[in-house]
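Biologist: Can you walk me through this one? I am new to reading structures.

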Amino acid sequence: MAEKIILTGDRPTGKLHVGHYVGSLKRRVELQNSGEFDKIFIMIADAQALTDNADNPAKVRDNIMEVALDYLSVGLDPAKSNIFIQSYVTELTELTFYYMNLVTVSRLQRNPTVKSEIQMRNFEASIPVGFFNYPISQAADITAFHATTVPVGEDQMPMIEQTKEIVHKFNFVYGDTLTDPQILLPDNKACLRLPGTDGKAKMSKSLGNCIYLSESEEDVRKKVMSMFTDPDHIRIEDPGKLEGNTVFTYLDAFCNDAHFAEYLPEYANLDELKAHYQRGGLGDVKVKKFLNNVMQEELSPIRARRKEYEQRIGDVYDILKEGSKVAREEAAKTLAEVKHAMKIDYFETPEFLEEQLAKYTG
Ligand code: TRP
């Protein structure tokens, strides 16, 4: 049977938050521990982060270790998952260069994620070429490891589609070489895009509406207790709305029936809690206290593990260094296959010289 290989990663532009956790990190750890995968590569995408932070290299550098600590603290295990830094694997840029020939400018312009990012960053007037090109570089990231499975959030769907197109085109033009990857989305709908604590669709540092994985117990509690709910639910007796109610979206993402048995035994499950809220007679504070218990249960082992790794930064450095070496060896093998398929492997086998000798000296 063909190998099952995971490749995924994150841009190191900030600490990871609970949205990253339910949208992707938690699943990665489950996949890692399922034992179903032959190889797992987790990439800190510093080169991609630089495509829209070219003038702020310090930010990218500062967040390498933060993201590595977040990875280790959620339970990614370097014995099972190879954690590495993208820029160290220089083969990725070489692959990108060749894939660029297989993609049109108009196809890149149609990529919905790139489109919205261009708007968000006010790049409309002058888009950096490197940024515009990052979906192609992401195809290099994925194919360099022959990834079969790419667990990511919904916003990455257009990148995977574009990767698949590159794989098909490459294999069609140069012969079967690259592996066609499958996206793996979170199975819980609330996890697809967790809103900010203020109810805004996007969590962002500048809005101050994120709960970070590294945050203290007290700060998490404060953020949960001041979360956006139903603004029309004023008195406890009032019927409450669930749509757009951030506390319930977070409960959808985080809680299970066991949490009710432990912290709120008057209800068997979330459906019963929701029904009571909608009927009226259930106050926001009670629901928030429950959510806080649920989130603390999930986050406290993560926090504890992070503290341990923070005391062992030298070891984390070694994990990254070793992981990057392993990743580079893997990518180098794929690059050799690609160059062979493209007939640009002049010095790797005797064939090129033989052909030329036959041609010129007959
Ligand atoms: N684009 C991803 C992000 O913004 C990071 C990333 C880069 C990635 N290369 C990847 C994710 C390859 C999955 C596969 O977080």
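Modeller: We will take the strands, then the empty spaces, then one loop residue. This is a predicted model, where local features need pLDDT of at least 70, side-chain atom pairs count only at pLDDT 80 or more, and totals for chains, interfaces and linings use all residues. Residues are numbered from 1 along each chain as its sequence is written, and side-chain values use heavy atoms, with hydrogens and water left out.

Biologist: Start with β2. Is strand β2 mostly covered or mostly open?

Modeller: Mostly covered. Five of the six residues in β2 (residues 39-44) are buried. Buried means under 20% relative accessible area, exposed means over 50%, and partly exposed is in between, using a 1.4 Å probe and protein chains only. Strands here are DSSP runs of E with at least two residues, helices are runs of H or I with at least four, and both are numbered from the N terminus.

Biologist: Which way do β1 and β2 run when they pair?

Modeller: Parallel. β1 (residues 5-10) pairs with β2 over six bridges. Two strands count as paired if DSSP finds at least two bridges between them.

Biologist: What about β3 and β2?

Modeller: Those two also run parallel, joined by four bridges. β3 covers residues 82-85. Follow Ile44 across: its bridge partner in β3 is Ile85. On the other pairing, Ile44 of β2 is the bridge partner of Asp10.

Biologist: Which helix joins β1 and β2 in a β-α-β unit?

Modeller: Helix α1 (residues 18-34), and the unit is right-handed. That means that, with the strands pointing away from the viewer, the path from the first strand over the helix to the second runs clockwise.

Biologist: Now pockets. What is the volume of the largest pocket?

Modeller: About 1500 Å³. Of the 50 residues lining that pocket, the closest to its centre are Arg11, Thr13, His20, Asp155 and Lys202. The elements giving two or more residues to this lining are β1, α1, α6 (112-120) and α8 (134-143).

Biologist: How do you define a pocket?

Modeller: On a 1 Å grid over the protein atoms alone, a pocket is an open set of points with protein on both sides within 12 Å along at least five of seven lines. A cavity is a set where a 1.4 Å probe fits but cannot get out, and lining residues have an atom within 4 Å of a point. Grid points are joined across faces, edges and corners, and a volume is the space filled by probe spheres set on the points.

Biologist: And the second largest pocket? Which helix gives the largest share of its lining?

Modeller: α3, with five residues. This pocket holds about 400 Å³ of space. Of its 14 lining residues, the closest to the centre are Arg61, Ile64, Ile85, Tyr317 and Leu320. So you meet Ile85 again, the β3 partner of Ile44.

Biologist: How many cavities of 30 Å³ or more are there?

Modeller: One. The largest cavity has about 40 Å³ of space. α1 gives the most to its lining, three residues. The lining includes Gly23, Ser24 and Arg27, along with Pro151 and Val152.

Biologist: Last topic. Where does Asn256 lie?

Modeller: In the loop between α11 (246-254) and α12 (257-263). Asn256 is partly exposed, at 39% relative accessible area.

Biologist: How far apart are Asn256 and Asn269?

Modeller: 13 residues in sequence, and 7.3 Å in space, C-alpha to C-alpha.
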